[in-house]
Amino acid sequence: TSGCLAMLDRMGGQDFANVIDLGTGTGLLAFAARELWPAARVIATDIDPVAIDVTAGNARANAVDRVELVVADGALSDAITAAAPYDLLIANILAGPLMSMAPEVAAIAAPEATIVLAGLLETQRAVVVAAYEACGCSLEAVDRRGDWSVLRLCAGAVRFVAEGPFD
């Protein structure tokens, strides 16, 4: 999480209008996005309804407003796709879900959107990057923190459309 926060902080001078935090957990990264890009629409999602309840409580406790909360399995719920495309996508989850969600993430990303991925070990970096490259994304930066890596990718110039159903 700290690496992801540092990566977002370095991007603070850029403009983003539509941000999504996939697998928000406690909401911390969505709250950081709200602070860095106050005019942006920010959506925080998690598969776990309890995590969304915790995020709502954390938002209240820290006076963070205008973060939309969505319970969703992956990136393809109606609420998420209706608000797409996103120009900044953040996912701080494990490598397995990051890889399996690559087509979903790429499908909701705007052309040339920024994608920040964390929660993966350095030894998993190549396979995670390969999953996103297969969807037209390219690696732009790596922030290695001990055994962990934070990746910044760029979505393809054309919005990704999957050739088959998602797994």
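This report describes the fold of one protein chain, from its overall build to its central sheet, its helices and its cysteines. The structure is a predicted model.

**Overall build**

The chain contains seven helices and seven strands. Along the sequence these elements follow the pattern α-β-α-β-α-β-α-β-α-α-β-α-β-β. A compact globule of 167 residues would have a radius of gyration near 15 Å, and the 14 Å of this chain agrees with that. Along the principal axes, the C-alpha atoms fill a box of roughly 40 × 35 × 30 Å.

Buried residues account for 50% of the 167 residues. The accessible surface of the chain is about 7700 Å², and carbon and sulfur atoms contribute 55% of it. Among contacts with a separation of 6 or more, 70% are between residues 24 or more positions apart in the chain.

**The sheet**

Strands of a sheet pair through backbone hydrogen bonds, and they may run parallel or antiparallel. In this model, seven strands form an open sheet in the order β3-β2-β1-β4-β5-β7-β6, and the pairing is mixed. The edge strands are β3 (67-71) and β6 (138-145), each of which pairs on one side only. On average, neighbouring strands of this sheet are turned by 15° against each other, direction ignored.

Strand β4 (residues 86-92) can be followed in more detail. Four bridges join β4 to β1 (residues 18-22), and these two strands run parallel. Two residues of β1 show how the strands line up: Val 19 stands opposite Leu 88 in β4, and Leu 22 stands opposite Ala 91. Strand β4 is also joined to β5 by six bridges, again in a parallel arrangement. Here Asn 92 has Ala 118 in β5 as its bridge partner. Six of the seven residues of β4 are buried, so this strand is largely enclosed by the rest of the structure.

**Two helices on the sheet**

Helices α1 and α2 both pack on the sheet, as the table shows.

| Helix | Residues | Strands touched | Angle between directions |
|---|---|---|---|
| α1 | 2-10 | β4, β5, β6, β7 | about 130° with β6 |
| α2 | 28-36 | β1, β2, β3, β4 | about 180° with β2 |

Which residues of α1 are buried? They are Gly 3, Cys 4, Ala 6, Met 7 and Leu 8. The cover over these residues includes helix α2 as well as strands β4, β5, β6 and β7.

**Cysteines**

A disulfide is a covalent bond between the sulfur atoms of two cysteines. How many disulfides does the model have? The count is zero, with a cut-off of 2.5 Å between the sulfur atoms.

Two cysteines illustrate this result. For Cys 135, the nearest cysteine sulfur belongs to Cys 137 and is 6.3 Å away. Cys 135 is in no disulfide. Its relative accessible area is 9%, so Cys 135 counts as buried. For Cys 154, the closest cysteine sulfur is also in Cys 137, at 7.8 Å, which is too far for a bond. Cys 154 is buried as well, with a relative accessible area of 15%.

Conventions:
Residues numbered from 1 in each chain as written. Predicted model: local features only at pLDDT ≥ 70, side-chain atom pairs only at ≥ 80, totals over all residues. Heavy atoms only, no water. Pairing = 2+ DSSP bridges. Axes fitted to C-alpha atoms, helices over the stretch in contact; angles between N-to-C directions. Contact = heavy atoms within 4.5 Å. Rg over C-alpha atoms; globule rule 2.2 N^0.38 Å. Buried < 20%, exposed > 50% of the residue type's maximum accessible area, 1.4 Å probe, protein only. Areas by Shrake-Rupley, 256 points an atom, 1.4 Å probe, with all protein chains shown as cover.
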